[in-house]
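Me: I'm new to this one and would like to learn how to read it feature by feature. Could you walk me through it?

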Amino acid sequence: MRGFKPHPPRGGTGKHTLGVQPNTADLGVRAPTEPSLYLLWLKAVQTSRNKKYYAKRHPLQICCWNVRTLIDNDNRIERKTAILASVLLRYNVDIAAIYETRLAGEDQLIEPTAGYTIFWSGKSEEEKRESGVGFAVKNSLIGMIEQTVGVNDRIMKLRIPLSAGRFLTLVSVYAPTLVSSEEKIASFYHALRSVVSSVPNSEMLVVLGDLNARAGSDAVTWPSLGPHGVGKLNSNGLLLLQLCNEHNLVITNTFSNQKNKATWIHPQSKNGHMLDHIICRRADLRSFCKVRVMRGANCDIDHYMLRS
């Protein structure tokens, strides 16, 4: 995900000719007069300037992933959080929205080997825990993010600054399944609407998670869908599309043409379904590139990682 539209560094398109004199202050030395040395010096100057430019404008790599549980058991030698962090590091993910964590309360822990801090929000120890949401954030970004906010056991958000004075609000969600009561589903969407409405239009908003919603492929009726949706619309998908239309949101993975679109495979029918989504405002759609299902990411779970 690009948090901004990149612009070339000052001085043109990134290529100089001998007739264009770059700023000699970049390297703190004067330009040599001999042509062969000048070309080497020029390349060093441009490399230095590009590094400075892109260091300030690092494209943010985000993903969402249903981890099923982060609770350890006696049969697993390594901690589930350590396994998760190592996979995220391998896929170079900066911030991951994780859900179905099943961890109690609201807390955080650090996985120092892979370099991630994991935040979560869930039900209390006394309650039955079948949900839970959170974020896994690279330790290098911890100083930049604002305090994560656990809305409830199904919604959590964090805010991080972008370039050009903008902010990004990420919302990790885990929607009730179709077999849940209508009251529970309605309560979830009421809370999600409140969170979405609270984010100013000047800020970038991204909702990531398992919505347990099949949004279908009818892009003509539903402008929130792109040309690459799959399957048929279900009741949860209808609620999601209504929310998207109300707030001018789009489901980014339906705009990405890829071979493997399903994020979950039904264990009996073996049919693939697009249940996990990355959703943003329509105005920010061009900031998302290569929204892909990462089928190689393995963490002993039945959902695939969705990365942008």
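**Strand 4 and its partners**

Reply: Let's start with strand 4, residues 116-121: this strand is mostly covered, with 6 of its 6 residues buried. Buried means under 20% relative accessible area, exposed means over 50%, and partly exposed is in between (1.4 Å probe, protein chains only). Helices (H or I, at least four residues) and strands (E, at least two) are DSSP runs, numbered from the N terminus. This is a predicted model, where local features need pLDDT of at least 70 and side-chain atom pairs count only at pLDDT 80 or more, while totals for chains, interfaces and linings use all residues. Residues are numbered from 1 along each chain as its sequence is written, and side-chain values use heavy atoms, with hydrogens and water left out.

Me: Which residues point one way from strand 4, and which the other way?

Reply: Tyr116, Ile118 and Trp120 point one way, Thr117, Phe119 and Ser121 point the other, and all are buried.

Me: How do I read strand pairing, and how many bridges join strand 3 to strand 4?

Reply: Two strands pair if DSSP finds at least two bridges between them. Strand 3 (residues 106-111) and strand 4 run antiparallel, joined by 6 bridges. One of the bridge partnerships is Glu106 with Ser121 in strand 4. The two strands form a hairpin with 4 residues between them, and Gly115 in the turn has a positive phi of about 85 degrees. Strand 4 also pairs with strand 5 (residues 133-138), again in the antiparallel sense, over 6 bridges. There, Phe119 has Phe135 in strand 5 as its bridge partner.

Me: What does the confidence look like for the protein chain?

Reply: pLDDT is the predictor's confidence in each residue, from 0 to 100. The protein chain averages 81, and 78% of the residues score at least 70. Take care with residues 3-27, where pLDDT stays under 50 and the model has 44 contacts beyond four places in sequence. Contact means heavy atoms within 4.5 Å. Over residues 50-56, pLDDT also stays under 50, and the model has 6 such contacts there.

Me: Now a single residue: is Asn66 buried or exposed?

Reply: Asn66 is buried because its relative accessible area is 0%. This residue lies in strand 1 (residues 62-66). For its side chain, look at polar contacts. Such a contact is a pair of N or O atoms within 3.5 Å; within protein, one must be able to donate a hydrogen and the other to accept it, and residues adjacent in sequence count only if both atoms are side-chain atoms. The side chain of Asn66 makes one of 3.1 Å with the side chain of Glu100 and one of 3.0 Å with that of Asp210. Beyond four places in sequence, Asn66 touches several residues, including Tyr99, Tyr174, Asp276 and His303.

Me: And what does the side chain of His277 reach?

Reply: The His277 side chain reaches the backbone oxygen of Ala213 at 3.1 Å. His277 lies in strand 13 (residues 276-281) and counts as buried because its relative accessible area is 1%. Among its contacts outside four places in sequence are Cys64, Leu240, Asn253 and Leu306.

Me: How many salt bridges are there?

Reply: A salt bridge is a side-chain nitrogen of Lys or Arg within 4 Å of a carboxyl oxygen of Asp or Glu. By this rule the count is 9. Glu111 forms one of them with Arg79, with the closest N and O atoms 2.5 Å apart. Glu111 is in strand 3 and Arg79 in the loop between strand 1 and helix 2 (80-90), so this pair ties together parts 32 residues apart in sequence. Glu111 is buried at 3% relative accessible area, whereas Arg79 is partly exposed at 42%.

Me: Which residues are linked with Arg159 in a network of salt bridges?

Reply: Glu146 and Glu203 are linked with Arg159 in that network. The side chains of Glu203 and Arg159 meet at 2.6 Å, N to O. That pair links distant parts of the chain, 44 residues apart: Glu203 is in the loop between helix 3 (182-198) and strand 9 (204-210), and Arg159 is in strand 7 (residues 155-161).

Me: Finally, how many helices and strands does the protein chain have?

Reply: The protein chain has 4 helices and 15 strands, and buried residues make up 51% of its 308 residues.
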